[in-house]
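Work through the exercises below with the model open. Try each task before you read its solution.

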Protein chains: 2
Amino acid sequence: MTTDRSRPTSRDVARAAGVSQAAVSLVLRDKWRGRVSPGKAEAVRAAARELGYRPNPAARSLRLGRTRTALLVVPALTNEFFARLHAGTARVAAEHGFGVVLYPSPEGIGPARDPFDSASAALDGVIASSMASEAPAALRADGDLPLVMLDSEPERTQAAATVNLDIADGMRQVVAHLLDLGHRRLAHIAAAVDSWTFEVRARTLAEAVRAAGCAPPLTRPSALTVADGTRAALEALAADPRPTALVCDDDLLAAGACKAARRLGLRVPEDVSVTGFDDLSLATALEPELTTVRLPAEEAGAAGMRALLAVLGVEGAGDRGGVGTGGDVSGGPAEVTTLPVALAVRGSTAPPPRTPARPGGR
Amino acid sequence: MTTDRSRPTSRDVARAAGVSQAAVSLVLRDKWRGRVSPGKAEAVRAAARELGYRPNPAARSLRLGRTRTALLVVPALTNEFFARLHAGTARVAAEHGFGVVLYPSPEGIGPARDPFDSASAALDGVIASSMASEAPAALRADGDLPLVMLDSEPERTQAAATVNLDIADGMRQVVAHLLDLGHRRLAHIAAAVDSWTFEVRARTLAEAVRAAGCAPPLTRPSALTVADGTRAALEALAADPRPTALVCDDDLLAAGACKAARRLGLRVPEDVSVTGFDDLSLATALEPELTTVRLPAEEAGAAGMRALLAVLGVEGAGDRGGVGTGGDVSGGPAEVTTLPVALAVRGSTAPPPRTPARPGGR
DNA sequence: CTGAAAGCGCTTACAG
DNA sequence: CTGAAAGCGCTTACAG
């Protein structure tokens, strides 16, 4: 009855069910009501099941002009934050039959050089996270694909939607926590990365400290590695008077700050407090465990994919409270979703020492 | 001249260059020598460049029956080891115009339930890493796609190729290092994960210890988290006589072991040595830094993708020393590549204490 | 309610 | 060396 070759096609299913190829498509896409008799519909489903039929995605893409594939652009996947982001994105995508292709952008983003490097051209949309300030412009080179930005400047909006984490609130919680403990001399171990998310951290820290009437924080930029965080923290701790708390842009930097403190014979948190950002698994692997801001990375990825699906008009996506607004994005400013964050208070923060020891110099 | 609609097609390029559509394809696929005159070839290239032509991948896939997409199946991408593996895979894939789709398999692997959940059906091959012993069988459900296994039992071979890390050698190096330092009572904090890679670690540790004439290692299984590693290590350190070294299957577990030791008032490495496996960034974020086995995850991913490309007969792939063996895999046992690993000796190991303190009990 | 046809954009035999 | 045609498998108007 069936030729035993490779994958069955809709033609094979049609033959097995005794219907036309068109009927197979209508039934399996659930568009058959009033167009195919219930009996034939059931026959199609049975035949499809028995043959193990799965539609050829290439053929469908060609016909529909859509690929059910989204591109996720992140700075680096080896960072656990982005791995979590991806997990959320991929989960929601899978729920809607979408695939996610990753583009870890080491530095610049541009169109493919060779015209045949086009595996990535088969896209319905792009989700980009934590990009450098001017990166979105480059992303537009990829045609007129719908773009959703994550953790990025909301104004700079070629994006159809933006999903942000409440970074500013997180930083304010860090500062409030440290001020509550009695700290007055904060230093900032700042990620030396040109992106909106780190700009916000720096600006918010400075504002919050100023609002409290304290001296501006000593700032030391650092690459996003433990080793460079250690170096930057060593410099910060060499200042006179020495800061009593190191506010770090990231848990990796906080780990480096802890190493720096111990290298100078200072105890964390008794002699110096350290805070992180992200709440990676690293935060609770360290000792003492890090006081840090938990960022809901997976939720952000999921929300970003939902926003993209809504822009694409994919059914069942973007339902917020039952108000069917799928695809309603033409005109008007792009919508911005901001996810709340929470401070996780752990062992790396404590009141400042009563009589701070003076550093060796001068 | 050109209609200003969406993307240009090969037809548009043909019109602009004054040639047939077929000539465009031949030129851009570099199969034109002796079939198209050099002048026309150049005209095609110029027109393609000017129009920004990029071939439609869906059309190409439909025609060729191949998609230039590989599936990477890993247990969890939030583990840095697999993130690195992915980076290597994606890099090599991109060099050959391939895309990589990720399948983080929380548990089981099976065919899509719904026939229209078929985004993942557009695949040329599968790379699966560190699977449970019986998982490959399930993978075959996906049709007759070429399969490359990473970090997996080489015998169980439905796989066209296997790329392994020399896990056994790594474990032997750990044991030799600890024996050299004078340790005789080792405990094993073992990952409670049913996979070949952890079986090998357990077996090799037991063998190496026996070969040295020591008592069999006390073994405590643990989930692959810092918290559970702490619990397991607390149990191991409660034994009498107490082990002087904790051999951990993973850096996360080693971090947990360090926390357990300190919770008991024991210093690492003075009172107890701890070793890890993987050399994640966590290994040098901790203090003391972990002695651990560096696994070349990115290289493994890259080698796996190269092996898959060779099986697929993709030109330029799989060149090993210039012997063009691409695609030469029919018959014979699947080939196994084993990548060397290296012990990174750092601060978490030292000679055992002279007079080991007895634990409280009894 | 059902069937036959067109066409998405590409690549590859096949005639000239 | 060049051109016209077939066909990959699907979905969607369009006639009956």
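How many nonpolar, polar and charged residues does the surface near DNA strand D have, by class? This is a predicted model.

**Exercise 1. Sort the surface near DNA strand D by class, then find which residues and elements build it.**

Step 1. Sort by class. The surface near DNA strand D has eight nonpolar, eight polar and seven charged residues.

Step 2. List the closest residues. DNA strand D is surrounded by 23 residues. The closest are Ser10(A), Tyr53(A) and Arg63(A), along with Arg35(B) and Ser37(B).

Step 3. Look at the DNA side. Of the strand D atoms within 4 Å of the protein, 65% are sugar or phosphate, and the rest belong to bases.

Step 4. Pick out polar contacts. A backbone N or O atom of Ser37(B) is 2.7 Å from a phosphate oxygen of DNA strand D. For Asn56(A), a backbone N or O atom lies 3.1 Å from a phosphate oxygen of this strand. Ala59(A) reaches a base: one of its polar backbone atoms is 3.2 Å from a base nitrogen of DNA strand D.

Step 5. Assign elements. Helix H2 (21–28) and H4 of chain A, together with H4 of chain B, each give two or more residues to this surface. H4(A) supplies the largest share, four residues.

**Exercise 2. Describe the surface near DNA strand C in the same way.**

Step 1. Start with the neighbours. Around DNA strand C there are 23 residues, the closest being Arg35(A), Ser37(A), Ser10(B), Tyr53(B) and Arg63(B). Sugar and phosphate make up 65% of the strand C atoms that come within 4 Å of the protein.

Step 2. Go through contacts from chain B. In Tyr53(B), a side-chain N or O atom is 2.6 Å from a phosphate oxygen of DNA strand C. In Ser25(B), a polar side-chain atom lies 2.9 Å from a phosphate oxygen of the strand. Asn56(B) uses its backbone: an N or O atom there is 3.1 Å from a phosphate oxygen of DNA strand C.

Step 3. Assign elements. Two or more residues each come from helix H4 (57–64) of chain A, and from helix H2 (21–28) and helix H4 (57–64) of chain B. H4(B) gives the most, with four residues.

Step 4. Sort by class. The surface near DNA strand C has eight nonpolar, eight polar and seven charged residues.

**Exercise 3. Place Leu205(B) in its surroundings.**

Step 1. Locate the residue. Leu205(B) is in helix H8 (residues 196–211) of chain B.

Step 2. Decide: buried or exposed? Leu205(B) has a relative accessible area of 0%, so it is buried.

Step 3. List the contacts, leaving aside neighbours within four places in sequence. Leu205(B) touches Met171(B), Val175(B), Leu186(B), His188(B), Pro217(B) and Val247(B).

Step 4. Check one partner in sequence and space. Val247(B) is 42 residues from Leu205(B) in sequence, yet the C-alpha atoms are 8.7 Å apart.

**Exercise 4. Explain why Cys248(B) and Cys258(B) form no disulfide.**

Step 1. Find the nearest partner. The cysteine sulfur closest to that of Cys248(B) is in Cys258(B), at 7.5 Å.

Step 2. Apply the cut-off. A disulfide needs the two sulfur atoms within 2.5 Å. At 7.5 Å, the sulfurs of Cys248(B) and Cys258(B) are therefore too far apart for a bond.

Step 3. Widen the search. Over all chains, zero disulfides are found.

Step 4. Add burial. Cys248(B) has 0% relative accessibility, so it counts as buried. Cys214(B), at 15%, also counts as buried, because the limit is under 20%.

Terms used. Residues numbered from 1 in each chain as written. Chains lettered and ligands numbered in written order. Predicted model: local features only at pLDDT ≥ 70, side-chain atom pairs only at ≥ 80, totals over all residues. Heavy atoms only, no water. Buried < 20%, exposed > 50% of the residue type's maximum accessible area, 1.4 Å probe, protein only. Contact = heavy atoms within 4.5 Å. Near = heavy atom within 4 Å. Polar contact = N/O pair within 3.5 Å; in protein donor to acceptor, adjacent residues only side chain to side chain. Nonpolar A, V, L, I, M, F, W, Y, C, P; charged D, E, K, R; others polar.
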